[in-house]
Each structure stands twice: as C-alpha cells, then as structure tokens.
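Could you walk me through this structure, one selection at a time? I have it open in my viewer and would like to know what to click on next.

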Amino acid sequence: MIVCVCQNVSDRAIRAAVDAGASTLAEIRAQLNVGNCCGKCNAFAKTLVRAHIEDKAIKAVEVRREIVAA
Ligand code: FES
C-alpha cells in the first residue's frame, strides 16, 4: 500500500527501514523522503513506524519466552 503518494513510499518500504534500524519518523523521512511534500501522510506514517516497532518488540518477547521455556 502506498503511504506517501507524493514520494511514492509504501508501507513495506517504511517497515523495511524500521527493520534496518530506523526508529523515528525523522529517520524514515531522511531515508525515504516520506512526508517531505504536502505532509498529509505524516500522521499515518508515524503510526505505522510505532506499530511496527511495537510488533517487533512483542515478537522479541515471544521468542525470549520460547527460549527460556525450552
Ligand atoms: S502524501 Fe506524503 S508528502 Fe504528500
């Protein structure tokens, strides 16, 4: 899905940037130019970054629990 129409940035690209180490919208913006034109995508892009970071944290906790339980 395209998140930023102005810069043609997808949710997949934003998630990949987070997976590569970005943790803020400013860092994502520096890499992908998301939100650098009209700015209408900024709120959703920020929500997407936070949600993906939370998902990664939850998965890390689940893996840790599995390791501890093993
Ligand atoms: S939709 Fe992202 S800057 Fe316009």
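Here is a short tour of this predicted model, stop by stop.

**Stop 1: a helix to start from**

Select residues 11-19, which form helix α1, and then add residues 25-32, which form helix α2. The axes of these two helices are 10 Å apart, and the packing angle is about 115 degrees. That makes α1 roughly perpendicular to α2. As for handedness, α1 and α2 cross in a right-handed way.

Now show the side chains where the two helices meet. On the α1 side, pick A13, I14 and A17; on the α2 side, pick I28, Q31 and L32. Colour this contact by residue class and you will find five nonpolar residues, one polar and no charged.

**Stop 2: the third helix**

Keep α1 on screen and add α3, residues 42-69. The axes of α1 and α3 come within 10 Å and cross at roughly 50 degrees. That makes α1 oblique to α3. The crossing of α1 with α3 is right-handed.

Which residues of α1 meet α3? Select D11, I14, R15 and V18; their partners in α3 are A45, L48, V49, H52 and I53. Coloured by class, the contact of α1 with α3 shows six nonpolar, one polar and two charged residues.

**Stop 3: zoom in on I14**

I14 sits in helix α1, and it appears in the contact with α2 as well as in the contact with α3. Is I14 buried or exposed? I14 counts as buried, because 25 C-beta neighbours lie inside 10 Å and the cut-off for a buried residue is 20 or more.

Next, display the partners of I14. Leaving aside neighbours within four places in sequence, I14 is in contact with V3, V9, I28, L32, V34, A45, L48 and V49. To try the distance tool, click the C-alpha atoms of I14 and L48: they are 34 residues apart along the chain, yet separated by 7.8 Å.

**Stop 4: the nonpolar core**

Step back a little from I14. The largest nonpolar core has 14 residues, and V3, I14, I28, V34 and A45 have the most contacts inside it. Select β1 (2-4) along with α1, α2 and α3, since each of these elements supplies at least two residues of this core. As background, nonpolar side chains in soluble globular proteins tend to be buried together.

**Stop 5: out to R12**

Go back to helix α1 and select R12. R12 is exposed, with 11 other C-beta atoms within 10 Å. With the distance tool, connect the C-alpha atoms of R12 and I2: these residues are 10 apart along the chain, and the separation is 8.6 Å.

**Stop 6: two asparagines in loops**

Most residues other than glycine have a negative phi. Your last two selections have a positive one.

Where is N8? Look in the loop between β1 and β2 (9-10). N8 has a positive phi of about 55 degrees, although it is not a glycine. N8 counts as exposed, because it has 12 C-beta neighbours inside 10 Å.

Finish at N33, in the loop between α2 and α3. The phi of N33 is positive too, at about 65 degrees, and N33 is not a glycine either. With 14 other C-beta atoms within 10 Å, N33 is partly exposed.

Definitions and conventions:
Residues numbered from 1 in each chain as written. Predicted model: local features only at pLDDT ≥ 70, side-chain atom pairs only at ≥ 80, totals over all residues. Axes fitted to C-alpha atoms, helices over the stretch in contact; angles between N-to-C directions. Helix = DSSP H or I, 4+ residues; strand = E, 2+ residues; numbered from the N terminus. Parallel < 35°, antiparallel > 145°, perpendicular 65-115°, else oblique. Left-handed = near helix turned anticlockwise from the far one by under 90°. Contact = placed C-beta atoms within 7 Å. Nonpolar A, V, L, I, M, F, W, Y, C, P; charged D, E, K, R; others polar. Core = buried A, V, L, I, M, F, W, Y, C linked by C-beta atoms within 7 Å.
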